[in-house]
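Please take a moment to look over the sequence and the model before reading on. The explanation is meant to be followed with both in view.

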Amino acid sequence: MKKGKREKIILRIFSVISIVAFLNILRKPPIKDWLIIFLLKSYIASILDNLLVKKGYLKYPVKTLKTFDISVLFSYLLFPVTCIYFNQATKNSNILDIFIKCFLFSFPSTIAEHWIERKTNLIKYKKSWTSLHSFFSISATFLFVRFTMMIIQKSQEKQNVITEG
């Protein structure tokens, strides 16, 4: 099978999995929180991805949409959906458990990206970028979104107390 064709098949498989996972997420309350996480993670991922591509650290030779330099599938669907599952898994967790679960989510994502970088033409590391950089950037964005959601939830709880009192 031609290499470009294999990448397109992989992208389609990831697209279907991500869409099914996203629709599954929308069945579980609180939908508002999941949508905030989805949009926040998409925003962060697209900024970081654009920055890393423009600075020459990453390249996406085969893309779902050729008009973008970034991986639209990763930045706007796969990564945000994974982040929602991470937030669901840590919803009632203490800080230590959040960090442990962050590792448990980031490590497989990094291994998958490493394999994709080595075996396909979907992503290529440039300059000094490595899988370790990917691991830390994935982990940092998971934690940033999770702690942002904690602040939003605390703020919402305070507003509820004020309006009820």
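The paragraphs below go through the core, one helix and the aromatic rings.

The model is a predicted one, and a good place to begin is its interior. The largest nonpolar core has 35 residues, and within this core Ile37, Leu58, Val81 and Phe142 touch the most other members. At least two residues of this core come from each of five helices, namely H1 (3-25), H2 (31-54), H3 (72-89), H4 (95-119) and H5 (131-164). As a general point, nonpolar side chains in soluble globular proteins tend to be buried together. To see what surrounds one of these core residues, take Leu58: once its neighbours within four places in sequence are set aside, Leu58 is in contact with Asp49, Leu52, Val53, Ile123, Lys124, Tyr125 and Trp129.

Helix H2 can be examined by itself. Its 24 residues, at 1.5 Å a residue, should span 34 Å, and because the C-alpha atoms at its ends are 34 Å apart, the expected and the computed values agree. Which residues of H2 are buried? They are Asp33, Trp34, Ile37, Phe38, Lys41, Ser42, Ile44, Ala45, Ser46, Asp49, Leu52 and Val53, a list that includes charged residues such as Lys41. After H2 comes Gly56, which has a positive phi, near 90 degrees.

The aromatic rings form the next topic, and the structure holds 11 aromatic pairs. One of them joins Phe86 and Phe105 in an edge-to-face arrangement, with 5.5 Å from centre to centre and 70 degrees between the planes. This pair links distant parts of the chain, since Phe86 belongs to helix H3 and Phe105 to helix H4, 19 residues apart. Phe86 is buried, because its relative accessible area is 0% and the limit for buried is under 20%, whereas Phe105, at 22% relative accessibility, counts as partly exposed.

Another pair, Phe103 and Phe107, is stacked, with 5.5 Å from centre to centre and 20 degrees between the planes. Both residues of this pair, Phe103 and Phe107, lie in helix H4, four residues apart, which is about one turn of the helix. Phe103 is partly exposed, with a relative accessible area of 42%, and Phe107 likewise counts as partly exposed, at 42% relative accessibility.

Some rings also gather into a group, for Phe74, Phe79, Phe86, Phe105 and Phe142 form one aromatic cluster. Over the ring of Phe79 sits the charged end of Lys41, 3.8 Å from the ring centre, while the charged end of Lys127 sits over the ring of Tyr57, 5.2 Å from its centre.

Note on methods: Residues are numbered from 1 along each chain as its sequence is written. This is a predicted model: local features need pLDDT of at least 70, side-chain atom pairs count only at pLDDT 80 or more; totals for chains, interfaces and linings use all residues. Side-chain values use heavy atoms; hydrogens and water are left out. A nonpolar core is a set of buried Ala, Val, Leu, Ile, Met, Phe, Trp, Tyr and Cys residues joined through side-chain atoms within 4.5 Å. Buried means under 20% relative accessible area, exposed over 50%, partly exposed in between (1.4 Å probe, protein chains only). Contact means heavy atoms within 4.5 Å. The expected span of a helix is 1.5 Å times one less than its number of residues. Rings of Phe, Tyr and Trp (its six-membered ring) pair if their centres lie within 6.5 Å; planes under 30 degrees apart count as stacked, over 60 as edge-to-face and the rest as tilted. A charge sits over a ring if NZ of Lys or CZ of Arg is within 6 Å of the ring centre and within 35 degrees of the ring normal.
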